[in-house]
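Here are my notes on the structure, as numbered points. Keep the model open while you read.

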Amino acid sequence: MRSNYEVVIIGGGIIGSSIAYYLAKAQMDVALLDGGAIGDKTTKAAAGMLGAHSECEDDASIFFPFARSSQQAYRELKDELYEISQIDIGYREGGILKLAFDESEKQKLHYLLQQPSVQWLDGHEVKKLETAVADHIVGAAYIKDDVNVIPTQTCQAFAKGAQVFGASIFENTHVYGVQKLNDSYFVKTTKGTIEAKRVVVATGVYSNGLLQDIGVSEQLTPVKGESIVVQTNQPILQHTLFYEKSYIVPRNNGKLVIGATMIEDEWSESISLQSMEDLINTAKAMIPSSSEWKIDGFTSGLRPATFDGQPFIGRHPEDEGIFIACGHFRNGILLAPATAELIRDLMLEKEENKEWLDAFRIDRRQLTKV
Ligand code: FAD
């Protein structure tokens, strides 16, 4: 292991890996460190929806334009990442059908249906697209642009791509402290100390210890999500189905993901029978014949939640050389490219989007109190 880099990124989930890719592509000298394996924590548990529309709950939200720009970045990234890394990110078109089984559920889709990129389909039209949907379907909001990817492959493609552009990757390298001395940071790891001019903290829900260490008072809380993976012999769905807070996502590898629970403040990744029963019941409400599907496996992961549901992205408030990118909650896969672009632009002092940086700064809670 070299002991000196321009930038050390701590955390090789989707966020750290995408930042490594964008920085290495901009010819920066980067090391990406992970305490375990690349993409093996929360990223591995994600369904992979790029749900810019489906995850946006109101029109005043800064989330939408940011998420939309990230979603659009994937259109080019899917080919670029394949060319550079030879890893297919499993980009799948088709989009999301947000289902309504009665008039009140249709009303709840009202905001979404104001978007020009979202279309209302009546029950007949939904059944034409997806014949297995329950017969009493009233209609659905059709969001063509909310496509999906396979999260682990996407994360690995970013990491491998970063490597091709010259980044070094160190797995099984846990960071337990960051110390500043003159103009340098000393990143203390279980494999020795690395000196860097800049440090990025991208450790997802596991960031609390490091945030404390660098003098940041904000903390992240976990929201556990469990899912069921189903293996199919023939394509059952062309579109992701979304109903209430649950979904069935068809992947390019022939699997379906039925997700996901939302269990607040739970650090254990254990999977309960009750959760599986709830997921199976929601899947049956959407597709009655789903009880015949064969289970391939179960997944569980901890979504990194901040106090207001928006991520922390930007510079440390008092330390120019430390950058923070964590707290992406339900949308880290979706938001990875836009997050990486913001961090790159800040670091290279390019013209950056000030509105987004203000919305995501880590000291925003203190600023709004003044
Ligand atoms: P992680 O993936 O957790 O990566 C952090 C990395 O940091 C880990 O690899 C860890 O080993 C490493 N690390 C931690 N501490 C240290 C340390 N001290 N030293 C070294 N390394 C360290 N998002 C979407 O956009 N679309 C979806 O459809 C979607 N579905 C989801 C479904 C479920 C059930 C869940 C749980 C999440 C879902 N998400 C989805 C959210 C998404 O998974 C997260 O927002 C995203 O994975 C967070 O990525 P991350 O890189 O910040 O964190």
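1. Let's begin with S70, which touches L334, L335, A336, P337 and A338, leaving out residues up to four places away in sequence. S70 sits in helix α3. With a relative accessible area of 0%, S70 is buried. Do keep in mind that this is a predicted model.

2. Y74 is worth a look next. Setting aside neighbours within four places in sequence, Y74 is in contact with I14, L50, I89, Y91, V149, T154, F158, I333, L334, A336 and P337. Two of the names there, L334 and A336, are also among the residues that S70 touches.

3. Y74 also turns up in the largest nonpolar core, which has 55 residues; I9, I19 and Y74 are the ones with the most contacts inside it. At least two residues of this core come from each of β1 (4-10), α1 (14-25), β2 (30-33), α3 (63-85), α7 (151-164), β17 (322-326), α10 (332-347) and α11 (354-360). The largest share, 10 residues, is supplied by α10. As general background, nonpolar side chains in soluble globular proteins tend to be buried together.

4. On to the domains. The protein is divided into domain 1 (4-87 + 151-219 + 308-369) and domain 2 (96-145 + 221-305). Their C-alpha centres lie 28 Å apart. On the domain 1 side 28 residues take part in the contact, and on the domain 2 side 30 residues do.

5. How much area do domain 1 and domain 2 bury between them? The figure is about 2,300 Å², with 60% of it on carbon and sulfur atoms. The count of salt bridges between domain 1 and domain 2 is 3. If you want a salt bridge to click on, try the one where the side chains of D145 and R68 meet, at 3.0 Å from N to O.

6. A305 is a good residue to zoom in on. A305 is part of strand β15 (residues 294-305), and at 8% relative accessibility A305 counts as buried. Apart from neighbours within four places in sequence, A305 is in contact with Q219, L220, T221, V223 and F329. Take F329 from that list: A305 and F329 are 24 residues apart along the chain, yet their C-alpha atoms are separated by 4.7 Å.

7. Are there any surprises among the cysteines? What you get from a search of the whole structure is 0 disulfides. Why does C155 have no bonded partner? The closest cysteine sulfur, in C326, is 16 Å from the sulfur of C155, so the pair is too far apart for a bond. C155 counts as buried, at 0% relative accessibility. C56 is buried as well, with a relative accessible area of 6%.

8. Now some backbone details to check. The peptide bond running from G259 to A260 is cis, with omega near -20°. A260 lies in the loop between β13 (255-259) and β14 (263-264).

9. Which phi does Q27 have? Q27 is not a glycine, but its phi is positive, at about 65°. Q27 is in the loop between α1 and β2, and at 75% relative accessibility Q27 counts as exposed.

10. E349 is another non-glycine residue with a positive phi, here about 50°. Look for E349 in the loop between α10 and α11. E349 is exposed, with a relative accessible area of 63%.

Technical notes. Residues are numbered from 1 along each chain as its sequence is written. This is a predicted model: local features need pLDDT of at least 70, side-chain atom pairs count only at pLDDT 80 or more; totals for chains, interfaces and linings use all residues. Side-chain values use heavy atoms; hydrogens and water are left out. A disulfide is a pair of cysteine sulfur atoms within 2.5 Å. Buried means under 20% relative accessible area, exposed over 50%, partly exposed in between (1.4 Å probe, protein chains only). A nonpolar core is a set of buried Ala, Val, Leu, Ile, Met, Phe, Trp, Tyr and Cys residues joined through side-chain atoms within 4.5 Å. Helices (H or I, at least four residues) and strands (E, at least two) are DSSP runs, numbered from the N terminus. Contact means heavy atoms within 4.5 Å. Domain bounds come from an automatic or database domain assignment. Buried area is the accessible area (1.4 Å probe) that two parts lose on being put together, summed over both. A salt bridge is a side-chain nitrogen of Lys or Arg within 4 Å of a carboxyl oxygen of Asp or Glu.
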